[in-house]
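Subject: Handover of a structure and the findings from it

Dear colleague,

Please find below the structure that I am handing over to you. The findings follow directly after it, grouped by region.

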Amino acid sequence: MRLIFKSMANGMATVIVLPALCLYWLLSLVADRQALFSGWSQGLSLFPGTSGAYLRKAFYRSVLPRVGADVWISFGTTISHPTAEFGRSVYVGPYGMLGDV
């Protein structure tokens, strides 16, 4: 039952960030992708709580090369490079600042 709720939350988060993803991909055609990614990362870091963690995961799973299904990226965490990768069961605590990992 718990997996069903997590799957539903992941799906809802993906739908919610879809407009941001579309804007990100459109702007990346004309702007510096790394600078654009950093800005989106900073903006997404401000969404608090569990819902924020799901939104961040949905966005990063769509733009980063590899993000595990059970990744947790906490409030205030920014990722500076669009080449970062996260494996399974990764937890990033609050206010983390990550580069090319």
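To begin at the surface, Ser-89 is exposed, as its relative accessible area is 58%. Please bear in mind throughout that this is a predicted model. Ser-89 sits in the loop that runs between strand 4 and strand 5 (91-92). Its backbone deserves a remark: phi of Ser-89 is near 55°, a positive value in a residue other than glycine.

A similar entry concerns Tyr-95. This residue is placed in the loop between strand 5 and strand 6 (97-98), and phi of Tyr-95 is near 60°, again positive in a residue that is not glycine. With a relative accessibility of 56%, Tyr-95 counts as exposed, because the cut-off for that class is over 50%.

I turn next to the charged residues. How many salt bridges does a search of the whole structure find? The search returns one. The partners are Arg-66 and Glu-85, whose closest N and O atoms are 3.3 Å apart. This pair links distant parts of the chain, since Arg-66 belongs to strand 1 and Glu-85 to strand 4, 19 residues apart. The two side chains are also listed as making a polar contact, at 3.3 Å. Arg-66 is partly exposed, at 46% relative accessibility, and Glu-85 is partly exposed as well, at 35%. Apart from residues up to four places away in sequence, Glu-85 touches Pro-65, Arg-66 and Val-101. Strand 4, where Glu-85 is found, covers residues 85-86. For a sense of distance, Glu-85 and Ser-51 are separated by 34 residues in sequence and by 21 Å in space, C-alpha to C-alpha.

Arg-56, a residue of helix 3, presents another case. Arg-56 is buried yet has no salt bridge, and the nearest side chain of opposite charge, that of Asp-70, is 15 Å away. A salt bridge requires a nitrogen and a carboxyl oxygen within 4 Å, so a partner at that distance does not qualify. What does the side chain of Arg-56 reach? It reaches the backbone oxygen of Phe-47, at 2.8 Å. Leaving aside neighbours within four places in sequence, the contacts of Arg-56 are Leu-44, Ser-45, Phe-47, Gly-49, Ile-73, Ser-74 and Phe-75.

The helices may be taken together. Helix 2 (residues 33-44) has twelve residues, which at 1.5 Å a residue should span 16 Å; its end C-alpha atoms are 16 Å apart, in agreement. The buried residues of helix 2 are Leu-36, Phe-37, Ser-38, Ser-41 and Leu-44. Their cover includes helix 1 (2-27), helix 3 (49-63) and strand 3 (78-79).

Helix 3 has 15 residues and an expected span of 21 Å; the distance between its end C-alpha atoms is 22 Å, which agrees. Its buried residues are Gly-52, Ala-53, Tyr-54, Leu-55, Arg-56, Lys-57, Ala-58, Phe-59, Tyr-60 and Val-63. What covers these residues includes helix 1, helix 2, strand 1 (66-67), strand 2 (72-73) and strand 3. Helix 2 and helix 3 thus each appear in the cover of the other's buried residues.

The last topic is the aromatic residues. The count comes to seven aromatic pairs. One of them joins Tyr-24 and Trp-25 in an edge-to-face arrangement, with 5.2 Å from centre to centre and 75° between the planes. Tyr-24 is buried, at 0% relative accessible area, whereas Trp-25 is partly exposed, at 38%. Tyr-24 also pairs with Phe-59: the ring centres are 5.6 Å apart and the planes stand at 75°, so this pair is edge-to-face. Because Tyr-24 lies in helix 1 and Phe-59 in helix 3, the pair ties together parts that are 35 residues apart in sequence. Both Tyr-24 and Phe-59 are buried.

Which residues do the ring pairs link into a cluster? The members are Tyr-24, Trp-25, Phe-37, Trp-40, Phe-59 and Tyr-60. Of these, Phe-37 is among the buried residues of helix 2, and Phe-59 and Tyr-60 are among the buried residues of helix 3.

Yours sincerely

Notes:
Residues are numbered from 1 along each chain as its sequence is written. This is a predicted model: local features need pLDDT of at least 70, side-chain atom pairs count only at pLDDT 80 or more; totals for chains, interfaces and linings use all residues. Side-chain values use heavy atoms; hydrogens and water are left out. Helices (H or I, at least four residues) and strands (E, at least two) are DSSP runs, numbered from the N terminus. The expected span of a helix is 1.5 Å times one less than its number of residues. Buried means under 20% relative accessible area, exposed over 50%, partly exposed in between (1.4 Å probe, protein chains only). Contact means heavy atoms within 4.5 Å. A polar contact is a pair of N or O atoms within 3.5 Å; within protein, one must be able to donate a hydrogen and the other to accept it, and residues adjacent in sequence count only if both atoms are side-chain atoms. Lys and Arg count as positive and Asp and Glu as negative; His and the chain ends are not counted. Rings of Phe, Tyr and Trp (its six-membered ring) pair if their centres lie within 6.5 Å; planes under 30 degrees apart count as stacked, over 60 as edge-to-face and the rest as tilted.
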